[in-house]
There are 2 protein chains.
Amino acid sequence: MKKIGLKDVAQHVGVSVALVSYVLNGQAEEKQVGKEIAEKIRKAAVELNYVPNQAAKSLKTQRTQTIGLVVADINYRFSSGITRAIESEAKRKGFTVIFGSSNESSAKFDEIVNVLANRQVDGLILVPVQGSEQTIHKLQQSEVPFVLIDRNFQHILTSSISLDNYKAAYDSTSYLIKMGHKRIGFINYETTMFNLTERNRGYKDALKAHGIKPEEQWLQRVGSNQKSDTAKGIDRLLSGENKCEAIFFATDRLAIFGLQHLNELQLNVPKDISVFSFDAAEAFDLFYCPVTHASQPLEKMGKMAVNSLIDIINKNKVINQIYLETEFVIGKSCRE
Amino acid sequence: MKKIGLKDVAQHVGVSVALVSYVLNGQAEEKQVGKEIAEKIRKAAVELNYVPNQAAKSLKTQRTQTIGLVVADINYRFSSGITRAIESEAKRKGFTVIFGSSNESSAKFDEIVNVLANRQVDGLILVPVQGSEQTIHKLQQSEVPFVLIDRNFQHILTSSISLDNYKAAYDSTSYLIKMGHKRIGFINYETTMFNLTERNRGYKDALKAHGIKPEEQWLQRVGSNQKSDTAKGIDRLLSGENKCEAIFFATDRLAIFGLQHLNELQLNVPKDISVFSFDAAEAFDLFYCPVTHASQPLEKMGKMAVNSLIDIINKNKVINQIYLETEFVIGKSCRE
DNA sequence: GTGAAAGCGCTAACAA
DNA sequence: TTGTTAGCGCTTTCAC
């Protein structure tokens, strides 16, 4: 069964390829193609099972109908979730996604962005990493459309979709306070990334707003040695006379390390200690106690990122910064 | 900065496009291009930052350098793992991967395969689902290269990469027996898929080989209501006088449901019951006890699938059925 | 309303 | 050894 081309359809109907092209690209009206002819063409196309050759189309239009996606680490649940969401929305809009993972390295990030741009993607969706400002700047100079997702930079004006991290952390902390806790520890990464520092700010402000003085040692920072740093952080939170009675983890990965350590310490959640996580990991499924957490609207983020990007690709030049809210999933990990 | 094409490089060096094409496609020797010229061309290409236009290339060569991947359900850890492995190997070989998920539905599977084939992928890597024999047959008639992965059909001869499921189950069961267990329950899906039925066979044969008569009620089958069926299955295994002292889960998903239920029953692993899982899920991380399990060589499978497929694409017509072995990861979930 | 035809950037057969 | 050139299948301008 030979491959059907535009020409074959044209021949079949007895018209020129131009007409077929117009009709099949939804320009029938615009080009004032005869109604009947148009109908015939559409019918013939399905009958013959015509499938446009994307390569030829791309060659002519200079658009590849692909978008490049760079995530920070494919092992994050955020990454796989957002990838899925982006992929499905992209497909709906007739785009294919090709992607790469920077593993939180700015050098790798720069490399991948270049590779994808060279692959002549029509646009990029990026989760920038710490230290990637240069790459973003370069991108702004070039003509490649892109949007940032999950993270953005305070001092670079680009289209982006992210969370209102301040509010999410503020509300989460307030929830713990409402549950009767006063000494609330917060475990976050040691970082300058805006999205994470905003969580610190939200946490502290919530304490203050409720008349609690945030002790410096309540905020523990985790470096590159994630597992052991988290464990150490917890140990510190649980020592001394000002012992915390609740722990708020700034990410789901930190929560995993933390819960593992609590298991090791044989501490029961929520009996011995309350736990709140920013975002959930699949691994929570097997923890004996459902973990109360803030939940990121991945579907929505992915969808908005794709549509935002397509807008830019189509030259609707607006810088669009969107901040979404998290939802709360109440489990049983916070004692009342 | 305008886009550099073959022509630009040719002009820059002062030769024809043909030479540039030859050299940049590694045919310098073959076409006996002058050494010096070749060198000049290569140098100019990097200098000018030449990037070939994939669309034009595809249009001419009728190859898209993409492979289509269809997994059974993107939520399986197997799926994400194998996708990653395939993606990275494909990239190494200059291929892009586009993929879809059948959600274990043969109708969806058929649809996706068609969509991908129409996207003119050069070949397909498929995790077939129950009832997809027709689609596979159609594929065999067509000229589209493909390999099956993880699962295959006994009565259809195609290239495939899968596990030696019989041996893996046999060895796993033998391990439990060696740990001193006699009454070993097995929880598997209710299915006719070869890869899973082979696990039943391996389980039973191992018991027999060690002089244990496999009781019919030791093998519990889980239907579409996975969570509750698993729970019921476990309840049955743990009731009566012939109560099982160990449970072997045929997949990691079943193990998750099972461990959740054991949590609900407040049974301690391994004190009250030993547990062995076929493959591990990320969620195991937060179970209080490291789960002993058989581990699938995802990296290897993905890599082999890609290379096997590329072989077929390049017309090295051999049917290649590869069966890999699992490895064992010893945790603490089996009492000695 | 419709058709003819010029390329998009590349490969490869053929000519020189 | 190197250059010329005919398309690959499609979009789109321009002519009718």
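Chain A and chain B each put 26 residues into their contact, where contact means C-beta atoms, placed from the backbone, within 7 Å. This is a predicted model, in which local features need pLDDT of at least 70, side-chain atom pairs count only at pLDDT 80 or more, and totals for chains, interfaces and linings use all residues. Residues are numbered from 1 along each chain as its sequence is written, with chains lettered from A and ligands numbered from 1 in the order in which they are written.

**Side of chain A that touches chain B**
- Helix 4 (54–61), helix 5 (77–92), strand 2 (96–101) and helix 11 (252–264) of chain A give two or more residues each; helices (H or I, at least four residues) and strands (E, at least two) are DSSP runs numbered from the N terminus.
- Helix 4 of chain A gives the most, with 5 residues.
- By class, this side has 13 nonpolar, 9 polar and 4 charged residues; Ala, Val, Leu, Ile, Met, Phe, Trp, Tyr, Cys and Pro count as nonpolar, Asp, Glu, Lys and Arg as charged, and the others, Gly among them, as polar.

**Symmetry**
- A turn of 180° with a shift of 0.0 Å along the axis lays chain A on chain B with an RMSD of 0.1 Å, by least squares on C-alpha atoms of residues with pLDDT of at least 70 in both.
- The two copies are thus related as by a two-fold rotation axis.
- Ala283(A) is the residue of chain A closest to the rotation axis, at 1.6 Å (C-alpha).
- The copies meet through the same surface, because 100% of the interface residues of chain A are also interface residues in chain B.

Methods:
Contact = placed C-beta atoms within 7 Å.
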